[in-house]
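Colleague: Please take one strand of this model and go through it closely. I would like to know how covered it is and what lies alongside it.

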Amino acid sequence: MEGHKINIWNRGKGTITGVRDVVSFDVEEIILETELGLLSIKGNDLHVKRLTVEKGEVEIDGTIDGLQYTEQKEKGAAGESLLGRLFR
């Protein structure tokens with residue numbers, strides 16, 4: 001991975017690099033585990049259009065209202081990632 005970057009176009013589309021995992025997502029919030037902590041993207045009609053695990057890149061669309069970083073917590077059974085839950 002080449003670092004963490006966020007590109008947003010017209011509050012409707014975005015590309016995020018430096019993503020380690022998609023923790024959760026729905027139409028109002030997407031939570032990503034990034035190299036710099038957890039990133040919460042809030043808005044309306046949000047969708048993860050593309051996830052490229054090898055590149056650590058996520059492409060999203062919808063109406064983006066805000067971004068917020070939080071410190072990453074230890075993962076336990078309750079904090080298992082989306083990909084971990086899918087491939088059990």
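Modeller: What follows is a description of strand E2 and its neighbours. The model is predicted, so local features are taken at pLDDT of at least 70 and side-chain atom pairs at pLDDT 80 or more, while totals for chains, interfaces and linings use all residues. Residues are numbered from 1 along each chain as its sequence is written, and side-chain values use heavy atoms, without hydrogens and water.

E2 covers residues 13–17, a strand being a DSSP run of at least two E residues, numbered from the N terminus. Four of the five residues in E2 are buried, and the strand is mostly covered (buried is under 20% relative accessible area, with a 1.4 Å probe and protein chains only).

E2 pairs with E1 and with E6 (pairing takes at least two DSSP bridges between two strands). With E1, residues 5–9, the pairing is antiparallel and runs over five bridges. Here Asn7 is the residue opposite Thr15 of E2. E1 and E2 together make a hairpin, and three residues separate the two strands. Within that turn, Asn10 has a positive phi of about 50°.

The pairing of E2 with E6, residues 57–70, is antiparallel and has five bridges. Thr15 again marks the place, standing opposite Glu59 in E6. Thr15 of E2 therefore faces Asn7 in one pairing and Glu59 in the other.

Methods. Buried < 20%, exposed > 50% of the residue type's maximum accessible area, 1.4 Å probe, protein only.
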